[in-house]
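Reader: I have a model open on my screen and would like to learn how to read it feature by feature. Could you take me through it?

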Amino acid sequence: MTIAPAYQVLADRIRVEIMSGQLRPGERLPTEPKLCEQSGLSRSTVREALRLLSSQHLIFTTRGVNGGSFVAAPDAHILGDSLSDGVGLLLANGVVKGDDVLEVRRMLEVPAAGLAAARREPRHLAELERAMFDPDRDDLDRRITAHAEFHLAVAAASGNTLLSLVVRPLYTVADPRTVDRVAPLSMWREIDRDHRELLAAIRAGDVERAMAAARVHIDHVRPEFPPEHTNLPVPGVARL
């Protein structure tokens, strides 16, 4: 059994206090000397524990007379980026396959589309419209970016903050060049048609139509797609 280093043990203890709500956002942690006294650890070890917590965005440190280490307020964007990095690493190493991503998308996107149709507000419709692209005029980078923005906007329109956070890693593209190689223009044109149909259903507030459009968008298997590309380590390559 591997014994965790002392700084890790201290960081884990503080993390538990933060995650359990014992330490609240904005609350000041004990000073370094106090943490040394409480833990029996050296100042360098305490500092290493604080650096680890800071790298995990659980605390932040300020300088000056009123400075110190404070519990950070949760930031959905930072959490989403961390989750995206983790999923991207799993994809890059083959632990997670493209088929796995599509299964999760199917489980999340279909009900999310229904919720978006039921709950969307004018600002959500505006975000969806801004995320549309022209498959014949826009370059690859714009198409990839717009694709991600569209589906994140659908999740936002669902009104469920946790859903918006969870789906973010599903649209992280590891290698645009791979997408360019396996996603022909005809595919991008179909994606555009799918997005326009889904937007129309959400705008109309038609829950069943929105869910059906989302299902078709994910489940339609493209005949021009070679089977060997279904497990590429790029989220969404098998079916954007």
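Reader: Let me begin with one residue: is histidine 57 buried, partly exposed or exposed?

Author: This is a predicted model, and burial is read from relative accessible area, where partly exposed covers the range between under 20% and over 50%. Histidine 57 has a relative accessible area of 41%, so it counts as partly exposed. You will find histidine 57 in the loop between α3 and β1 (59-62).

Reader: What is there to notice about the phi of histidine 57?

Author: The general idea first: most residues other than glycine have a negative phi. Histidine 57 has a positive phi, near 60 degrees, and is not a glycine. Compare a glycine: residue 205, just after α10, has a positive phi of about 70 degrees.

Reader: Now the whole chain, please. How many helices and strands does the protein chain have?

Author: There are eleven helices and two strands. Reading from the N terminus, the order is α-α-α-β-β-α-α-α-α-α-α-α-α. Of the 240 residues, 40% count as buried. Contacts can also be sorted by distance along the sequence: among those with a separation of 6 or more, 70% join residues 24 or more positions apart.

Reader: Where does arginine 43 sit, and which residues does arginine 43 touch beyond its sequence neighbours?

Author: Arginine 43 belongs to helix α3 (residues 43-55). With neighbours within four places set aside, the contacts of arginine 43 are Glu32, Pro33 and Cys36. Take glutamate 32: it is eleven residues from arginine 43 in sequence, and their C-alpha atoms are 6.7 Å apart. Arginine 43 has a relative accessible area of 42%, so it is partly exposed.

Reader: How do I check the length of a helix, say α10?

Author: Count the residues and compare the expected span with the distance between the end C-alpha atoms. Helix α10 (residues 185-204) has 20 residues, and at 1.5 Å a residue it should span 28 Å. The end C-alpha atoms of α10 are 29 Å apart, which agrees.

Reader: Which residues of α10 are buried?

Author: Among them are Met187, Trp188, Ile191, Leu198, Leu199 and Ile202, and also the charged-type names Glu190, Asp192 and Asp194. Tryptophan 188, in helix α10, has 0% relative accessibility and so counts as buried.

Reader: How do I describe the way α7 and α10 pack?

Author: Look at the distance between the axes, the angle and the handedness. The axes of α7 and α10 come within 12 Å and cross at roughly 25 degrees. Angles under 35 degrees count as roughly parallel, so α7 is roughly parallel to α10. The crossing of α7 past α10 is left-handed.

Reader: Which residues meet where α7 and α10 pack?

Author: From α7 the list includes Leu140, Arg143, Ile144, Phe150 and Val154, and from α10 it includes Trp188, Ile191, Leu198 and Ile202. Tryptophan 188 and isoleucine 144 are 44 residues apart in sequence, with their C-alpha atoms 9.6 Å apart. Arginine 143, in helix α7, has 12% relative accessibility and so counts as buried. Leaving out residues up to four places away, arginine 143 touches Phe133, Pro135, Asp138 and Trp188.

Reader: And what is the angle between α5 and α7?

Author: The axes of α5 and α7 cross at roughly 60 degrees and come within 7 Å. That angle makes α5 oblique to α7, and α5 passes α7 in a left-handed crossing. Residues that meet there include Arg105, Glu109 and Ala113 in α5, and His147, His151 and Val154 in α7.

Reader: Last topic: which residues touch the most other members of the largest nonpolar core?

Author: In soluble globular proteins, nonpolar side chains tend to be buried together. Here the largest nonpolar core has 19 residues, and Leu128, Phe150, Val154, Leu198, Leu199, Ile202 and Ala210 touch the most other members. Two or more residues of this core come from each of α5 (98-119), α6 (122-130), α7 (140-157), α10 and α11 (207-219). Leucine 198 is a good one to click on: apart from neighbours within four places, its contacts are Ala113, Phe150, Val154, Ala210, Ala213 and Ala214. A second, separate core has 16 residues, including Ile14, Leu35, Leu52 and Leu53.

Terms used. Residues are numbered from 1 along each chain as its sequence is written. This is a predicted model: local features need pLDDT of at least 70, side-chain atom pairs count only at pLDDT 80 or more; totals for chains, interfaces and linings use all residues. Side-chain values use heavy atoms; hydrogens and water are left out. Helices (H or I, at least four residues) and strands (E, at least two) are DSSP runs, numbered from the N terminus. The expected span of a helix is 1.5 Å times one less than its number of residues. Buried means under 20% relative accessible area, exposed over 50%, partly exposed in between (1.4 Å probe, protein chains only). Contact means heavy atoms within 4.5 Å. A nonpolar core is a set of buried Ala, Val, Leu, Ile, Met, Phe, Trp, Tyr and Cys residues joined through side-chain atoms within 4.5 Å. Axes are lines fitted to C-alpha atoms, for helices over the stretch in contact, and angles run from 0 to 180 degrees between N-to-C directions. Angles under 35 degrees count as roughly parallel, over 145 as roughly antiparallel, 65 to 115 as roughly perpendicular and the rest as oblique. A crossing is left-handed if the near helix is turned anticlockwise from the far one by less than a right angle, and right-handed if clockwise.
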